[in-house]
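Reader: Could you take me through one part of this model up close? I would like to see how the charged side chains and the strands around them fit together.

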Amino acid sequence: MSKQIIYAVVSMLCLVLLGCSEAKKDPQNEFNYLTEAPIDLGVISNDAAAVAFLSGSLVTVSDINTTKIKNQFQLNKYKKVTGISLSQDNNLLLVGFENTLNVWDLKSSLLLGQFTVAGHSEFAKISKVAIYANPVLVLVGMTDGTLNLIDFENSLTKQAKLHEARISHLELGEHRQLIMTAGHDGQVKLSHIDSLKSKFSYTLPKRVTSAATGLKNETLFVSDALNEQLLLRPFSNTREPIKLVYHERFRWFRAAALSPSGDYLATGSSKYWWTLWDAKNGREIDAFAIESATSTAMILDMHFSKDNILTTLSSDGIVEFWDINTLASSLN
């Protein structure tokens, strides 16, 4: 599909109904349509050069900038997909089902293997997956709070019961020393990759709805299903959490990303808008509407580049690019 650049102004009536200030629309913002079909799951690659998404039972890997399809895999329509992940070199694709994993080599489009995983409970299902290359590591979160770590190079599998409920978020730090996990038990943890023992833990009143970590785990963001949205400094001498500041009684957060510099936090709502925050003090900078084709559009994933370009992927199959430096300077 050829690249399409669209300029639009979206009326955010939903924000008025929610009691939020109206989100702005940047008329110069750039959009790419990846697909006309709605997306069920989607992830942006580590370098924001590719995107993998699930539509029905078809998994597609596309170039973000050209929208060219690089790989497509037809899945068993009777098997529920619980998660997808791209390796940081964009050469491996991981798809999680309820109890099995499929790994593809994207250079050859060949299926490398199928694996079965389990939790501590016999009824546990896969809830979250992540894959990393060089060497190949796979992280698998389970609905009973179990974390599985599969080290393919050393033929090792590690398992630990880190949470008391579903693991909803997981991410391996830049230097591959700490794993961030968060779950429906309200806990966010940093655990050492070798021992899987917790090095930091914080508990919120309700289940975690979004979580993000800085490049070196110096900052964590976590939100729950009630009204707690916190910036945490796990290894700082000052461990007092920074609470996000806004005027409404509560907000719902579905996605989050921290800028590489640690200066900015971006959060996605349950509707088609996102918010930019000052990560130093938790204050809202502004809210922005995404391009949408339907009234049910929402952000599935968001990612900061080292140049402070925020990429967002919506359930309508639209990728959008936001120059944070320009946005922030224009609001000063």
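Author: Happy to! A salt bridge here is a side-chain nitrogen of Lys or Arg within 4 Å of a carboxyl oxygen of Asp or Glu. This is a predicted model, and the structure holds five such salt bridges.

Let's start with strand 25, which covers residues 284-289 and runs antiparallel to strand 24, with five bridges joining the two. One of the pairings puts W277 opposite E284. The two strands make a hairpin with five residues between them, and G282 in the turn has a positive phi of about 80°.

E284 also has a charged partner: R251 forms a salt bridge with E284, with the closest N and O atoms 2.8 Å apart. R251 sits in the loop between strand 21 and strand 22 while E284 is in strand 25, so this pair ties together parts that are 33 residues apart in sequence. R251 is buried, at 6% relative accessible area, whereas E284 is partly exposed at 25%. E248 joins in as well, since E248, R251 and E284 are linked in a network of salt bridges.

The loop of the hairpin has its own link. K280 meets D263 in a salt bridge of 3.8 Å, N to O. K280 lies in the loop between strand 24 and strand 25, and D263 in the loop between strand 22 and strand 23, 17 residues apart. D263 is partly exposed, with a relative accessible area of 33%.

Finally, strand 24 also gives two or more residues to the largest nonpolar core, as do strand 22 and strand 23. That core has 18 residues, and W274 is among those with the most contacts inside it.

Technical notes. Residues are numbered from 1 along each chain as its sequence is written. This is a predicted model: local features need pLDDT of at least 70, side-chain atom pairs count only at pLDDT 80 or more; totals for chains, interfaces and linings use all residues. Side-chain values use heavy atoms; hydrogens and water are left out. A nonpolar core is a set of buried Ala, Val, Leu, Ile, Met, Phe, Trp, Tyr and Cys residues joined through side-chain atoms within 4.5 Å. Buried means under 20% relative accessible area, exposed over 50%, partly exposed in between (1.4 Å probe, protein chains only). Helices (H or I, at least four residues) and strands (E, at least two) are DSSP runs, numbered from the N terminus. Two strands pair if DSSP finds at least two bridges between them.
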